[in-house]
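Got the structure open in your viewer? Let's walk through it one selection at a time.

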Amino acid sequence: MDVSPALPGRRAAERRIGRSRASVDFDTVSESSDASTGRISRAEVAHLARLARLAVSEDELDLFAGQLDVILGAVARVGEVAADDIPPTSHAVPMTNVFRADEVRPPLPREAVLAAAPDVEDNKFRVPRILTDEA
Amino acid sequence: MSDLTRLSASEIAGLVASGAASAVEVAQAHLDRIEAVDSALHAFLHVDTEGALDAARAVDKQRANGDALGQLAGVPLAMKDVVVTKDLPTTAGSKILEGWRPPYDATITRRIKQAGIVMLGKTNMDEFAMGSSTENSAFGPTHNPWDLNRIPGGSSGGSSAAVAGYQAPLAIGTDTGGSIRQPAAVTGIVGHKPTYGGVSRYGLIAFSSSLDQAGPFARTVFDAALLHEVIGGHDECDSTSIGAPTPPIVAAAREGARGDLSGVRVGVVRELGGEGYQPGVLASFQAAVETLRGLGAEVIEVSCPHFEYALPAYYLIAPSECSSNLARFDAVRYGLRVGDDGANSLEDVMSLTREAGFGPEVKRRVMIGTYALSSGYYDAYYGQAQKVRTLIARDFATAFEKTDVLVAPTTPFVAFDIGERAADPMAMYVNDLCTLPASLAGTPAISVPCGLSEGLPVGLQVMAPALADDRCYRVAAAFEAATEPVLAAIPELSG
């Protein structure tokens, strides 16, 4: 699959939105959005894609802006329910933290794990460069 | 000998145990069936011919040695490709995992192997289990054996098609919002979503961790109970696994098959029916309720007013959890890596890889989840959805004060045409209307065939309180015993 056309769009979105990653902050892009109706702009999709590490193409920005707008509008219906005094449920069945004995167990063999890696060097995962000139 | 692929799992196990058929013969008959029809169905992403025959030979050897055999020893099974299998390709229907061979077995894989069940291969699915039609697979759709132009349900559509298409008598599916029950309904087979925590999630590629639950597909309720018993029970590798033993589901299926539901209170959920449901589906459902009444059940109408918010709550909670879970696909430790040309940064490579490796539905959900979890939106979306989840659980609790089980159609409509809803995400999401409440409440629910509409299968959903999976099996088995087998009407696939 040819993904190279995606980069300019993503980079353009980054320029518009800035590179802050300390926290997820929608204030910079949400002027046109309204949580109660789920309105979402093309720039907002670009920002979401950047946060989610998706190098979406220009065509996808158009497609997803329309679709996410409809979906967010539909799911915003949860706001119709009066639930101020209702506690949230994260798991349906009550859960408590589970402890187990602190015992040494054999891990997966190193070669079995590295065999699945996209790139390996010196018995380790090899990754692309992390630091950039921009930093 | 009659065609081995037409037998139930328990019949096959009986033949293997008695020596009337070898496990190798059984496995070969199913592998031949797959060879003959899978070009039409595309139920499988990977067929493990050698592994299946090796497992079958091991069962035959155990029997020859006089060793005790498991209740399903020698019975073939199709495994959904979201369950990791050591050294066997596991993709979850995604290009990002194409070619990956996991270094370990999921707990349910290990239990299936230990039971002497013969794994035939890995079945097709919506990418990362996100979908209701199996059209979201990166490797092409699966076709419904009832009508090859139609969807087999999803996300476990490869597993449902394999069982309905006589490629395997048993299959494993996973159900996050209905992905076992809905495919079972639209292919005319049985599928059960266990109580959340009843079956280990260790080794299931995670979609929505507070909802994901693996469970059985089979052509009979009793077979489904036998498979559930093999995979169920506590697992220390899953911290959300329930400590209590699996409820007596096999006994409940036997009890139900006697056809007496005297004293059982069946609640019909008012909110799951009416406008938007196909008339044929509603007619089949009404007839099913009358059948239950005829078996001695007391039928009560109940109201669950918050069920109408299950769909919006689910389509916030599941995407939120998936946006977090799918962060692990970072092009570092396993799977695809794209754009690593020495110039691109790690972040660029991650973004290019995820762009190339994920399909559109996965991207949509990851972005919806990212949005719903963001500061400023969290309370209005994710937080509110979790409160709705509480209200849905309370609706169930209130309904179960005066009923033993609740019933509803499993799906609002029968299998639709491939492509019919693919372009409209919301049109796809309404497939899950009837299955979502039990997902959000973590309660068990089974789908059992209850007739035909427009010549296509309709499912009856039986829901029970948490940890009372046995009630689902009892009522479903009684219903099954009182009705003609739906699958008998399936057209013959040309081989």
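What covers the buried residues of α4(B)? Before you look, keep in mind that this is a predicted model. Now select helix α4 of chain B, residues 107–114, where T107(B), I108(B), T109(B), R111(B) and I112(B) are buried. Show what surrounds those residues and you'll find that the cover includes the strands β2, β3, β4 (170–175) and β6, along with helix α7 (221–231), of chain B. Step past the end of the helix to G116(B), which follows α4(B) and has a positive phi, near 80 degrees.

**The loop leading into α4(B)**

Go back along the chain to A92(B), which sits in the loop between β2 and α4 of chain B. Check its backbone: A92(B) is not a glycine, yet its phi is positive, about 55 degrees. Is A92(B) buried or exposed? It counts as buried, because 30 C-beta neighbours lie inside 10 Å and the cut-off for buried is 20 or more.

**The sheet of chain B**

Next, colour the strands of chain B. Eleven of them form an open sheet with mixed pairing, in the order β1-β3-β2-β4-β6-β5-β10-β11-β9-β7-β8. Which are the edge strands? Select β1 (44–47) and β8 (298–302) of chain B; each of these pairs on one side only. As you rotate the view, note that neighbouring strands are turned against each other by 30 degrees on average, with direction ignored.

Now add helix α2 of chain B, residues 23–41, which packs on the sheet and touches β1, β2 (76–80) and β3 (118–123) of chain B. The direction of α2(B) makes about 20 degrees with that of β3(B).

Move along to β5 (190–193) and β6 (213–218) of chain B, which pair in the antiparallel sense over two bridges. Pick V190(B) and look for its bridge partner in β6(B): that is A218(B).

Then bring in helix α16 of chain B, residues 469–482. It lies across β5, β9 (405–409), β10 (445–453) and β11 (456–463) of chain B, running at about 20 degrees to β10(B). In the loop between β11 and α16 of chain B, pick L467(B). This residue is not a glycine, but its phi is positive, near 75 degrees. L467(B) counts as partly exposed, with 19 C-beta neighbours inside 10 Å.

**Out to an edge strand**

Select I300(B), which is in strand β8 of chain B. I300(B) is partly exposed, with 14 other C-beta atoms within 10 Å. Which residues does I300(B) contact, leaving aside its neighbours within four places in sequence? They are R265(B), G267(B), K402(B) and T403(B). Try a distance between the C-alpha atoms of I300(B) and T403(B): the two are 103 residues apart along the chain, with a separation of 7.6 Å.

**One helix, two partners**

Hide the sheet and show helices α10 (310–325) and α12 (360–372) of chain B. Their axes come within 7 Å and cross at roughly 100 degrees, so α10(B) and α12(B) are roughly perpendicular to each other. At the contact, L316(B), P319(B), S320(B), C322(B) and S323(B) in α10(B) meet R365(B), V366(B), I368(B), G369(B), T370(B) and A372(B) in α12(B). By class, this contact has six nonpolar, four polar and one charged residues.

Keep α10(B) and swap its partner for helix α13 of chain B, residues 379–402. The axes of α10(B) and α13(B) come within 9 Å and cross at roughly 125 degrees, which makes α10(B) oblique to α13(B). The crossing is left-handed. From α10(B), the contact takes in A310(B), A313(B), L316(B), I317(B) and S320(B); from α13(B), select Y381(B), Y382(B), A385(B), Q386(B), V388(B), R389(B) and I392(B). These residues divide into nine nonpolar, two polar and one charged.

**A cis peptide**

Zoom in on the peptide bond from G154(B) to S155(B), which is cis with omega near 5 degrees. You'll find S155(B) in the loop between β3 and α5 (157–164) of chain B.

**Last stop: where the chains meet**

Zoom out and show both chains. Here 56 residues of chain A are in contact with 67 residues of chain B. On the chain A side, the elements giving two or more residues are α1 (6–17), α2 (42–51), α3 (58–75) and α4 (110–114). Which of these gives the largest share? Select α3(A), which contributes eight residues. Colour the chain A side by class and you'll get 41 nonpolar, seven polar and eight charged residues.

Key:
Residues numbered from 1 in each chain as written. Chains lettered and ligands numbered in written order. Predicted model: local features only at pLDDT ≥ 70, side-chain atom pairs only at ≥ 80, totals over all residues. Contact = placed C-beta atoms within 7 Å. Helix = DSSP H or I, 4+ residues; strand = E, 2+ residues; numbered from the N terminus. Nonpolar A, V, L, I, M, F, W, Y, C, P; charged D, E, K, R; others polar. Axes fitted to C-alpha atoms, helices over the stretch in contact; angles between N-to-C directions. Parallel < 35°, antiparallel > 145°, perpendicular 65-115°, else oblique. Pairing = 2+ DSSP bridges. Left-handed = near helix turned anticlockwise from the far one by under 90°. Buried ≥ 20, exposed ≤ 12 C-beta atoms within 10 Å, placed from the backbone.
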